[in-house]
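Here are a few notes to help you find your way around this one. Have the viewer open and take the points in order.

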Amino acid sequence: MAGTHRRPSLPGSLAAIFILFALLPAAAQTPPAPAPRFVVVLDAAHGGDDLGARLGNQAEKDYTLALSVKLRSLLMARGIAVVTTRESGADVDADRRAEIANRANAAACLNLHAALTSSKNGPAVHLFLSSLPPVAESRFPPLRQRPIAGGPGFVPWRTAQSAWITRSTALAGVLNSALTHTGITVTLGRTALPAIDSMACPAVAVEIALQRQTDAASADDAGFEAKVADALAAALVEWRADGGQFGVRRP
Amino acid sequence: MIPRHQTVLFVILLLASVIMGALLWNQLRRAHERLLRGQDAAPTQAPQVAPAEQATLMVANDADNSVQPRILTLPLPQNPEARARAVLGKLLDLYAAPDATHPIPGGASSIAQVFLVPIAESNGKASPTAPQLAVVNLTNAFAAGHPSGLETETLTILSICATLNANLPRVTQVRFLVDGQTRATLAGHADLTRTYLTDATAPTEGANP
C-alpha cells in the first residue's frame, strides 16, 4: 500500500499536550464582565395636577422639567448615561419615581425642585438628604449577594434610603463643593420626602431658590439656572471620576 | 268741687314725679359720662389668665436654613395641651409678623388643637412619666396659605417639633393633622403622613461659604 500510517513522535505529543493545557485555563475563562455603567437619574419633581410652587408666572413642575432636560443634555455631552423619571408634564407618583431610579442601578439620583425664597441674600441652592436614620451596611447586604425578594436581604420600601445615607451625604458634599466653587450660596439640610426615601441609590434633593419675581430677578434667574446646571454637571463628572466603585450598586 | 285733700295729694304726687324725673335724668347723664371715661381707660392688652413663664421657641430662618432658640416670657397655662398650643401659637405669631425670618401667614389661630398621648411601652402600659406623642391639628387655612417649597416646609415642621420638645421634654414624637384629617404633604413637599421624632429634628447648620 502506498499510504503509510506514521506514528507521532513522543516529543511532539508531549508538546501538543503541554500547549493544550497551557491554553485550557484561558479557554475556560468567561469573558470579562462589562464595567457597570455610570447612570444618573434626574427626577423632575411634581407634574400633572400637582403644580408645585408658583414661581411668578411659571409652575414648579414646568421649571423642574426644563431643568431636567437641560441637565440631561449637559451630562450626555460628557458621556454620562441619564435616566429621567418624566419627560412631559404628566404626573408620576413617588413610588414610580423610586422604582425607575432603583431599576436604573443609578450611581446618583437628583430630585429637582424650585421655590421662591424670602431671603434677602439672593438666589441659592438648598441640598436636602433624607431624614431617615442611617443603618449599618451589614443590615442590608449588597443586592448581588441578596437572595430573592422576601429573603433575609429584604429592604423596606419606604425606608430604602436608610442604607444609602452615607453615600448620599458624600454625593451632597461633592455637589456642595462644585456649587460653592461657582460662587453659589448653598445650604444643607435633611427632609422627609417620600420620593427619595424609597430610592436605593445615593440620592439628594436639589431645590433652586429663586428671588421673588421682578423683571430684574427673572433675568438673573435665567443666568442662575444655567450656572447651577453647569455646576451640577461638573459635580457629577467629579463623582464619576472619584471612583469606579460608585457604579457598583452597593451601599 | 274738688276736695282740698285731693288737691294737696295731686300737688305732692306731681312734685314727686318732677323730682324723680330730674333725678333719673341726672343719673342717666352721669352713667353716660362714666361709660365714656371707661372706654378711654380700656386695657390695650388682654388680661393674663396664667402666670408669665419663660418659653423657648425654636425659630426658623430661611436665610441660612437654620432653627435657632429664642427665649421669651409668656403667660403659659398649666395644662400641658393648652401650654403646647400657647407656645406654638406664639411661634406662628412670630412667623406672621412683617419682619419674620420665616414668613408664613396665619398666626396663632393656625393651631386648632394639640393633643398629648402617652406612648405605650412594650407591655402595653404607659407610665406617668412615659414619653408622649403630640398630635398637632393645623387649620386648613394655614396649610393652604403656607408657601410651597422644600426648605420652607421643612423648616416649619422642624421648628414646631423642636419647640414642642424644648418646652415639653416628654414629647418625643409628633404627628400632624389638618382640620382633623391626615394630609399627604404640608404644601406639596414635606411629608405629613409620618411620625416625626423630636430628637431627629436638631437644627441644621447653614453651609454658606
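1. Start at the end of a helix: in chain A, Gly79(A) sits just after helix 2 and has a positive phi of about 80 degrees. Keep in mind that you're looking at a predicted model.

2. Now step back to the helix itself. Helix 2 of chain A covers residues 60–77, 18 residues in total. From first C-alpha to last, helix 2 spans 26 Å, close to the expected 26 Å at 1.5 Å a residue.

3. Quite a few side chains to click on here. The buried residues of helix 2 in chain A include Leu65(A), Leu67(A), Leu71(A) and Leu75(A). Charged names turn up in that buried list too, among them Glu60(A), Lys61(A) and Arg72(A).

4. On to the other chain. Chain B has 4 helices and 6 strands, and going along the sequence they come in the order α-β-β-α-β-β-α-α-β-β.

5. How is chain B divided into domains? Domain 1 takes in residues 1–34 and domain 2 runs over 52–200, according to the domain assignment. Measuring between centres over C-alpha atoms, domain 1 and domain 2 of chain B are 67 Å apart.

6. Of the 209 residues in chain B, 32% are buried. As for contacts within chain B, take those between residues at least 6 apart in sequence: 65% of them link residues at least 24 apart.

7. Last, the place where the chains meet. Chain B brings 22 residues into contact with 28 residues of chain A. On the chain B side, that breaks down into 10 polar, 7 nonpolar and 5 charged residues.

How values were computed:
Residues are numbered from 1 along each chain as its sequence is written. Chains are lettered from A and ligands numbered from 1 in the order in which they are written. This is a predicted model: local features need pLDDT of at least 70, side-chain atom pairs count only at pLDDT 80 or more; totals for chains, interfaces and linings use all residues. Two residues are in contact if their C-beta atoms, placed from the backbone, lie within 7 Å. Domain bounds come from an automatic or database domain assignment. Helices (H or I, at least four residues) and strands (E, at least two) are DSSP runs, numbered from the N terminus. The expected span of a helix is 1.5 Å times one less than its number of residues. A residue is buried if 20 or more other C-beta atoms lie within 10 Å of its own, exposed if 12 or fewer, and partly exposed in between; C-beta atoms are placed from the backbone.
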